Each structure stands twice: as structure tokens, then as C-alpha cells.
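Grab a pencil and work through a few short exercises on how a sheet is put together. Try each task on the structure before you read the solution.

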Amino acid sequence: MQTPVSGKFLSIDGQRTHYLLAGSGKRHVILVHGFASLAQEIAAAFPGENDFTFIAVDRAGYGYSDPIRKGGRGPAGQARRLAQFLDALNERHCIVVAHSMGASTALWLSRRRPDLVSDLLLIAPYCRPTRHWGFPILRALANPVLARLINKHLLPSLVQAIGPRFLKSALFPNPMPKHLENFPFEHAGNPTAVRAMADELLAFASDMNDLDPHSGRTSIRMVCGTEDKVAPPHWHLDWLSQLHYGGDPVVLEGTGHAPHHAMPERISGLLRQWA
């Protein structure tokens, strides 16, 4: 069963965006989850800080948020929807914390709307244009006819089989934290979300190739783990440095693709530098 709805909904042009709120601090932090994930996953790593108000958003098509109807559905399109969401909340000059592929959305947001982003923390960023091994599968999922057959006959069993492995590989070699033990795989892998994943990956390389060098107006920090096999630091950080997203990354020894779960105190420490 899906996890019961919690949090709030915001409707923009008839499109719903679901988000969670925590904390009551003056500084607002926007939490942007990665691929195949949810607002509640990234929010779980930030249970409360007196200095901050956390706003964790289900990106377009994920969780309880409606998908993008028209136009680009890759990182650039995701950033456009996120900007609309922040405008509707009247947010400005936020700290944005983005994990994995969510970092590509955050980079597009800071490029397109620097008035919305004062500081950017990229956790295990997956940003470099990369051709995904599963392109034939992704194209099938993006085809309405084939997607209906897959969703009806294969998706439920696939989600239950692949979901736990995907989560364990992201956390490896770190143990499963208690707050992720009951992760709602069926909800995270619902048909709308799977289509959003396919659309995002199909547009990913093209969108990231179009990303202009950073103007330098946003303060950026990056955190990665030495044992990250999902987004190998050398592959993505080298590319980011070529785009002048400068600054030495914080490298955490013995940490995989989810530093915010493996070492939350280090992430909180970085945030407090911007409080």
C-alpha cells in the first residue's frame, strides 16, 4: 500500500506539487531529492534544525506531484517547475540542498533564477552528461502503449524486486538507517513516477550539455563519498570544475551515494555555516 498522504499541496495552473515542511527557522532550505526517490526520503535526513525551515518537494512526476504536461521533462524542465513552485510560495534567496540527479535540477535553477538561490549544497551530485545503459528500456517506458502493458503486468513485481536493491546500492557500504527501513517502494515506483524517471533520463544528457558555465552569483558546496559507485566523484566533480562550479568538495571517507543519511551531522554542519 502507498504511504498515506502527509504534507501540503500547491496547485499551479492546475498542476499539483506535493511538499513537506519541518522546522521554524528564519532561513529556508529547499530539499531536492534525486532519481527514483521522494520528498520524504530526503526530508528524513533533516528531522529538524532550529535555524532552518525545511521544504522538501516531490519533483514533477514523482511521489504525489503531477508530471510536466508539455515541454522538456529533463533537468531544465524540472527546474522550471521548481521555480514556479518557489514563486508561488514567495520564496527568495533560499538555500537549496540537492541530492544525486536532483543536483542537475538545482544547477539549472541557480542558472535560470539566481534570485531564488543564495546557496547551493550538492550531495553526491550526478550532473555530467552520461548515456544510460538502459536506453531501450527507457524508450519503451516513454511509449504510451508499451508503458501500459509494462505497468499492468510487470511494474509491481519489478518495483518490489529492484527497489530494495537500488536503495542498498545507494547506501553501500553504509548501513540502512532506521528511518528508511520502511521506504515505500510501491509509491516511489508508481507508473507516473516511472514515466518521469524515463523522461528525465532520456533528456538528461542533452539538458546538461546545454548548461552554461556558472555566473558565480551562487555560493556552492559539494559533498561526496569515496565509496560512491552510483555517481563516481571523479567523473562528475571533474566535469563540474570545468564549468567553473568551483570550490574544493568535502570528501567523506567510507561513505557511499547517500552522505545525508550516512553522516547527517556533517551535512548539518555545512548548512549551519550559512545560517
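**Exercise 1: the crossover**

Task: which handedness does the β-α-β unit made by S5, helix H3 and S6 have?

Solution: Start at strand S5, go over helix H3 (residues 102-112) and end at S6; that β-α-β unit is right-handed. Keep in mind that this is a predicted model. Next, look at the pairing: S5 (residues 94-99) runs parallel to S6, with six bridges between them. For a concrete spot to check, Ala98 sits opposite Leu122 in S6.

**Exercise 2: the other side of S6**

Task: in which sense do S6 and S7 pair, and over how many bridges?

Solution: Take S6 at residues 117-123 and S7 at residues 219-225: they pair in the parallel sense, over five bridges. Then find the opposing residues. Asp119 faces Ser219 in S7, and Ile123 stands opposite Val223 in that strand.

**Exercise 3: buried or exposed?**

Task: are the residues of S6 buried or exposed?

Solution: Count residues under 20% relative accessible area, the cut-off for buried. Seven of the seven residues of S6 pass, so the strand is largely enclosed by the rest of the structure.

**Exercise 4: the whole sheet**

Task: in what order do the eight strands lie in the open sheet?

Solution: Walk across and you get S1-S2-S4-S3-S5-S6-S7-S8, with mixed pairing. Now check the ends: S1 (8-12) and S8 (250-252) each have a single partner strand, so one side of each has no neighbour in the sheet. Finally, the twist from one strand to the next averages 25°.

How values were computed
Residues are numbered from 1 along each chain as its sequence is written. This is a predicted model: local features need pLDDT of at least 70, side-chain atom pairs count only at pLDDT 80 or more; totals for chains, interfaces and linings use all residues. Side-chain values use heavy atoms; hydrogens and water are left out. Two strands pair if DSSP finds at least two bridges between them. Helices (H or I, at least four residues) and strands (E, at least two) are DSSP runs, numbered from the N terminus. Axes are lines fitted to C-alpha atoms, for helices over the stretch in contact, and angles run from 0 to 180 degrees between N-to-C directions. Buried means under 20% relative accessible area, exposed over 50%, partly exposed in between (1.4 Å probe, protein chains only). A crossover is right-handed if, with the strands pointing away from the viewer, the path from the first strand over the helix to the second runs clockwise.
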